[in-house]
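Q: I'd like a close look at one part of the structure shown here, with some sense of its surroundings as well. Could you walk me through it?

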Amino acid sequence: LVGKWLSDKSVEFRYEIFEKDQKIRSEWWGGYTRNNKIFRKIINKRTDEQIREELITENQALMMYEPFLENKI
């Protein structure tokens, strides 16, 4: 994920977006589901100190493709 924040005022913090707890599951009906949690770190730009970590959302999705590719070597 790449983004840019433009402002005519100085900002005190920077943010890092990342995921945790990623799981891909083979389901009983023959398909796959993917679950993960998206977090952001809030970091003081002046001191580089992490202020806090916040849960943004939890992703639960049906996958529309085969997630595990075969090795055909």
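To set the scene, how much area does the protein chain expose, and what percentage of it do carbon and sulfur atoms supply? After that, please look closely at the hairpin that β1 and β2 form.

A: Happy to! The protein chain exposes about 6,700 Å² (Shrake-Rupley method, 1.4 Å probe), and carbon and sulfur atoms supply 50% of that area. This is a predicted model, in which local features need pLDDT of at least 70 and side-chain atom pairs pLDDT 80 or more, while totals for chains, interfaces and linings use all residues. Residues are numbered from 1 along each chain as its sequence is written, and side-chain values use heavy atoms, without hydrogens or water.

The protein chain has 3 strands and 0 helices (DSSP runs of E, at least two residues, and of H or I, at least four, numbered from the N terminus), giving the order β-β-β from the N terminus on. Its radius of gyration is 18 Å, well over the 11 Å from the globule rule for 73 residues (C-alpha atoms; 2.2 Å times the number of residues to the power 0.38), so the chain is more spread out than a compact globule. Along the principal axes, the C-alpha atoms fill a box of roughly 50 × 25 × 20 Å. Of the 73 residues, 15% are buried (under 20% relative accessible area; exposed is over 50%, partly exposed in between; 1.4 Å probe, protein chains only).

Now for the hairpin. Strand β1 covers residues 13-26 and strand β2 residues 32-44, and the two pair in the antiparallel sense over 12 bridges (DSSP needs at least two for a pair). One of the bridge partnerships joins Lys-23 to Asn-35 in β2. Between the strands come 5 residues, and Gly-30 in this turn has a positive phi of about 100 degrees. A positive phi also turns up within β1: Asp-21 has a value of about 55 degrees although it is not a glycine. At 43% relative accessibility, Asp-21 counts as partly exposed.

The side chains add a nice detail, since the structure holds 1 aromatic pair (ring centres within 6.5 Å, for Phe, Tyr and the six-membered ring of Trp; planes under 30 degrees apart are stacked, over 60 edge-to-face, the rest tilted). The ring centres of Phe-18 and Phe-39 are 5.8 Å apart and their planes meet at 15 degrees, so this pair is stacked. Because Phe-18 lies in β1 and Phe-39 in β2, the pair ties together parts that are 21 residues apart in sequence. Phe-39 is buried at 13% relative accessibility, whereas Phe-18, at 23%, is partly exposed.

Each of these two rings also has a lysine over it (NZ of Lys or CZ of Arg within 6 Å of the ring centre and 35 degrees of the ring normal). The charged end of Lys-20 sits 4.6 Å from the centre of the Phe-39 ring, and Lys-41 lies over the face of Phe-18, 5.4 Å from the ring centre.

Finally, consider Tyr-32, which lies in β2 and is buried, with a relative accessible area of 14%. Leaving aside residues up to four places away in sequence, Tyr-32 touches (heavy atoms within 4.5 Å) Ile-24, Arg-25 and Ser-26, among others. Its contacts also include Ala-61, Leu-62, Met-63, Tyr-65 and Phe-68. Glu-66 is another of them: its C-alpha is 7.6 Å from that of Tyr-32, although the two residues are 34 apart in sequence.
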